Amino acid sequence: MTETPLEKQLPPGQGRRLFATIGYGLRVVKALPAPLRERLLDGAKGGVSSSLPPFRDILRLVEAAGGVPDGRRWQDRLVAAQLELRGVRVQDVVSRDAGLHGARLYLPPTGAPPPTAALVWVHGGAFVIGSLDQQEAHWPAIELAASGIPVLSVDYRMCINGVHYPKPQDDVLTAWRWAVEHADQLGVDRTQLHLGGGSAGGCLVAGAALRLRDTDQQMPASLYLAYPVLQGNLPAATPQASSALDSSPKVVSEEWVRDMFSNWAGDASWDDPYVAPGLADLTGLPPTYVLTCGRDTLRRASEPFADRIGEAGVPVWHDLFDESEHAPLDRPGTADGQEAVRRLRTWLTGGVAGMTS
């Protein structure tokens with residue numbers, strides 16, 4: 001396995017222990033009083049090298065930490081910089097009877113016109129990192145709500161300490177069923193509910209939609225899959241993709257993707273369509289929007305997936321952000337992040353016809 005630059009500077013064996021040590025340090029930070037914890041988490045932003053450690057080391061760190069916390073100070077700065085976000089009504093959804101792992105409701109400002117669509121949104125994080133406070137969970141949700149589209153942002157169990165498929169996907173399905181039963185709280189009819197996810201969240205969403213299809217349950221009005229994880233063994237890159245990927249220093253390796261996927265799958269087969277929706281029969285799915293990032297290893301699966309779902313007779317829209325690295329929706333305020341939100345808004349309100357206008 002490839003060593004990170006930091007590991008290369010350490011004596012043999014200490015590189016692996018380093019990540020566990022950092023994890024235990026994060027566990028201590030999580031236990032601090034909120035003001036101090038938030039200040040430390042905020043100060044840590046931007047201090048991580050662009051060289052991604054091997055997945056197994058990330059897993060070691062997260063398990064030692066008992067989950068990586070997300071700070072919230074950035075959210076305050078976001079609202080201070082964008083006054084239009086201040087009117088969004090944000091509330092945590094607590095419904096123990098429904099078995100929700102965690103969810104947060106984002107409603108448009110009071111007095112906004114009645115919405116014609118709502119989104120159930122699932123963040124990514126390699127199946128091991130992320131929360132309702134992370135940028136990819138909060139930022140798209142509050143932006144969409146400010147423009148009149150209610151969002152239920154969904155959390156799920158991380159694949160750490162023995163958690164694997166299907167538990168995170170079960171959590172997504174539970175949240176989806178809650179949204180269907182409480183569509184009135186989002187201000188829409190249940191037939192106007194859409195389902196979307198980014199990266200690992202895209203995998204959970206696509207697999208959940210297949211399970212809904214196969215059990216004749218309420219389907220989403222559409223699917224939105226942003227730079228999704230779709231399978232563990234990636235297809236060969238096209239010449240065009242190879243050129244873009246070879247020139248990007250932040251592209252993760254096939255080994256990294258396989259290790260991440262193996263941890264997600266657990267004992268399940270990598271060929272199981274609910275585990276690897278990129279290998280599934282895609283007939284009968286709702287209209288689907290696939291967002292692919294040009295400088296992202298995962299494009300090797302998302303581009304053929306977009307072709308296959310169209311061949312299965314599903315209305316599909318595929319956007320390729322040629323110059324984008326993975327996860328623009330996790331980068332508030334960037335040009336590609338803003339464009340991704342704008343395109344998502346267009347999809348939710350106009351479907352394929354809206355994307356072509």
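Two strands pair if DSSP finds at least two bridges between them. Keep that rule at hand for the exercises below, which use a predicted model.

**Exercise 1. Find which residue of strand 5 is the bridge partner of Leu119, and place that bridge in its strand pair.**

Step 1. Locate the strands. Strand 3 covers residues 118-122, and strand 5 covers residues 193-198.
Step 2. Check the pairing. Five bridges join strand 3 to strand 5, and the two run parallel.
Step 3. Read off the partner. Leu119 is bridged to His194 in strand 5.

**Exercise 2. Identify what strand 5 pairs with over four bridges, and what unit the two strands make with helix 9.**

Step 1. Strand 6, residues 223-226, pairs with strand 5 over four bridges, in the parallel sense.
Step 2. Take one bridge. Gly196 has Tyr224 of strand 6 as its partner.
Step 3. Add helix 9, residues 200-214. Strand 5, helix 9 and strand 6 make a β-α-β unit, and it is right-handed.

**Exercise 3. Decide whether the two faces of strand 5 are covered or open.**

Step 1. Recall the cut-off: buried means under 20% relative accessible area.
Step 2. Take one side. Leu193, Leu195 and Gly197 are buried.
Step 3. Take the other side. His194, Gly196 and Gly198 are buried too.
Step 4. Conclude. Six of the six residues are buried, so strand 5 is largely enclosed by the rest of the structure.

**Exercise 4. Work out how Leu193 fits into the largest nonpolar core.**

Step 1. This core has 72 residues. Leu193 is among the four that touch the most other members, along with Phe127, Leu152 and Trp264.
Step 2. Find the main contributor. Helix 9 supplies the largest share of this core, nine residues.
Step 3. Look at contacts beyond four places in sequence. Those of Leu193 include Trp176, Val180, Leu186, Val188 and Pro220.
Step 4. Keep the second core apart. It is separate, has 31 residues, and includes Ala117, Val151, Leu329 and Trp347.

**Exercise 5. State how many residues of helix 4 are buried, and what follows the helix.**

Step 1. Helix 4 spans residues 55-65.
Step 2. Eight of its eleven residues are buried, and the helix is mostly covered. Among them are Phe55, Ile58, Leu59 and Val62.
Step 3. Move past the end. Gly66 follows helix 4, with a positive phi near 70°.

**Exercise 6. Describe residues 119-327.**

Step 1. The UniProt record, an unreviewed entry, places the domain "Alpha/beta hydrolase fold-3" here.
Step 2. Over this stretch the chain is 38% helix and 17% strand.
Step 3. The end C-alpha atoms are 18 Å apart.

Technical notes:
Residues are numbered from 1 along each chain as its sequence is written. This is a predicted model: local features need pLDDT of at least 70, side-chain atom pairs count only at pLDDT 80 or more; totals for chains, interfaces and linings use all residues. Side-chain values use heavy atoms; hydrogens and water are left out. UniProt positions are given in the numbering used here, feature names are shortened, and annotations may be inferred rather than shown by experiment. Buried means under 20% relative accessible area, exposed over 50%, partly exposed in between (1.4 Å probe, protein chains only). A crossover is right-handed if, with the strands pointing away from the viewer, the path from the first strand over the helix to the second runs clockwise. A nonpolar core is a set of buried Ala, Val, Leu, Ile, Met, Phe, Trp, Tyr and Cys residues joined through side-chain atoms within 4.5 Å. Contact means heavy atoms within 4.5 Å.
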